[in-house]
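Here's a friendly walk through one protein model, piece by piece. Have a look at the sequence and the fold first, then read on.

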Amino acid sequence: MSTTLTPILTKFWDDPQSWTLATYEKNEGYQALKKALGMKPADLVQMTKDSGLRGRGGAGFPTGMKWGFLPPPDGGPRYLVVNADESEPGTCKDIPLMMAAPQFLIEGVAITSFAIGCNHAFIYLRGEVVHVYRRLLRAVEEAYAAGYLGKNILGSGFDLDVTVHAGAGAYICGEETALLDSLEGRRGQPRLKPPFPAVAGLYARPTVVNNVESIASVPPILLHGADWFSGMGTEKSQGFGIFSLSGHVKRPGQYEAPLGITLRELLDMAGGMRDPNKKLKFWTPGGSSTPLFTDQHLDVPLDFESVAKAGSMLGTRALQIFDETTCVVRAVDRWTDFYKHESCGKCTPCREGTWWLKQILGRLEHGHGDEEDLEKLLDICDNILGRSFCALGDGATSPITSSIQYFREEYLAHLEHQGCPFDPRESTLFAKDSVPA
């Protein structure tokens, strides 16, 4: 595997005015839209299928296939909704992409809307990121002013309006049907499926819901060809992706590379661990909702199939790196705090289960309880996994079951020490003396 990065979506992030339309146009901006408007919509859908582009939001579902699920036009509206509600701990690729180069997303929205016959698209953004909201609104304004959005785009007869909607800050709204309910003004909770959004989505009309990075990848694919994109990555996980390295590395940040690169190669590019004397202890391949990996997984190719075969999920490629100063019980306890708080309460396994997981983990972290609590944790996880209404419950169990699998002795050490044997100040990225015990 080549260790060469593939700067495509990140190509001009270091430009002093990277977010402006002028900078984007200097970097092939909107050439793909001009090309798309001269093609048949069905050919655009087929091109996306041929490229092998899979959803970049976590699930990895083939993007072109999702577009193809829409029923034949019936004269009524159909919608494109971009899921920009990035809010899982550790996941941080869509926010910087929208901040540094929002026009990639807007051009992708225009091309996708033309391909699926949509005349009104929505970008659902996490409401807390006000700076990104303002930047997106400004980028949409610029695109309207230049004639890339609005009526009769570039003289093609195609009309498109884009609405940027700021959510109220609920992790559950990252689930596509909860997002649609929220967008309609209802409480964000998952819908029962079927019907799927492709048949009855926003306002009960055919709807495509795609992730930011998925849609932003469409213009480069159209401009350079499906073969160019499928020539990168692996046989079944084609193309490039943004890998977000955070935690105990020298140079955390966004690394855009072909799928199938390994953490060992990415760590080399990131300058290695923050302290070369401290070993890698555990890491997440796809954000906090994916089962943990350890140093024995350094050479697992980071593609959908290889990561799944090794027992985890590629997810959002949020690589959180932890060295041996970190208490795995404490880390998992903090993540579980998040899932308990963000559970929407619609289904019993997740609503009750995440609460009980937090109670038991909190006890163990402080050295209370006994070894039977580990079996109780696994039992509760087993009653949540596959039984909750959406994937939030499943995600809450992943770090717990995998941490017990790889670090059972560390849980027992908390009981032996009657407390956490780790100094939390050691694992912070700050100077040790500046952090209270």
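## A helix tucked inside

In helix α8, the buried residues are E176, T177, A178, L179, L180, D181, S182 and L183. "Buried" here means under 20% relative accessible area, while exposed means over 50% and partly exposed is in between (1.4 Å probe, protein chains only). Helices (H or I, at least four residues) and strands (E, at least two) are DSSP runs, numbered from the N terminus.

Before going further, a word on where this comes from: it's a predicted model, so local features need pLDDT of at least 70 and side-chain atom pairs count only at pLDDT 80 or more, while totals for chains, interfaces and linings use all residues. Residues are numbered from 1 along each chain as its sequence is written, and side-chain values use heavy atoms, with hydrogens and water left out.

Back to α8 (residues 176-183): eight of its eight residues are buried, so the helix is largely enclosed by the rest of the structure. What do those buried residues pack against? They meet α4 (63-68), β1, β2, β3 (161-166) and β4, where contact means heavy atoms within 4.5 Å. Just past the end of α8, G185 has a positive phi of about 100°.

## Strand β1 and its partners

One of those neighbours, β1 (residues 79-84), is mostly covered too, with six of its six residues buried. In a regular strand the side chains alternate between the two faces of the sheet. Both faces of β1 are covered: Y79, V81 and N83 are buried on one side, and L80, V82 and A84 on the other.

Two strands pair if DSSP finds at least two bridges between them. The table collects some pairings, including those of β1.

| Strands | Sense | Bridges |
|---|---|---|
| β1 and β2 (residues 120-125) | parallel | six |
| β1 and β4 (residues 207-211) | parallel | five |
| β5 (residues 240-247) and β9 (residues 318-323) | parallel | four |
| β5 and β6 | antiparallel | six |

Looking at single residues, V81 sits opposite F122 in β2, and N83 sits opposite N211 in β4.

## The five-stranded sheet

There's also an open sheet of five strands, in the order β6-β5-β9-β7-β8, with mixed pairing. β6 (253-258) and β8 (293-294) are at the edges with a single partner strand each, so one side of each has no neighbour in the sheet. Helix α14 (residues 328-342) packs on this sheet, where it touches β7 (280-284) and β9, and its direction makes about 15° with that of β7. For that angle, axes are lines fitted to C-alpha atoms, for helices over the stretch in contact, and angles run from 0 to 180 degrees between N-to-C directions.

β5 is mostly covered, with six of its eight residues buried. With β6, strand β5 makes a hairpin that has five residues in between, and the bridge partner of G241 in β6 is A257. On the β9 side, L245 has L319 as its bridge partner.

A318 is a residue of β9 and is buried, at a relative accessible area of 0%. How far apart are A318 and S244 in sequence and in space? They're 74 residues apart along the sequence and 4.9 Å apart from C-alpha to C-alpha. Not counting residues up to four places away in sequence, A318 touches G90, T91, S244, T284, P285, G286 and G287.

## Two nonpolar cores

A nonpolar core is a set of buried Ala, Val, Leu, Ile, Met, Phe, Trp, Tyr and Cys residues joined through side-chain atoms within 4.5 Å. The largest one has 62 residues, and L80, M98, L105, V109 and L160 touch the most other members. Helix α6 (residues 102-116) gives the largest share of this core, nine residues. Leaving aside neighbours within four places in sequence, V109 is in contact with L80, V82, A121, L160, V162 and I215. A second, separate core has 45 residues, among them V209, F282, I384 and A396.

## Helix α16

I384 also belongs to α16, where D373, L374, L377, I380, C381 and I384 are buried. Seen down the axis of α16, these buried residues fall within an arc of 125°, so they line one face of the helix; the arc is that of the directions from the helix axis to the C-beta atoms. They pack against α15 (348-365) and α17 (391-417). Just after α16, G386 takes a positive phi of about 80°.
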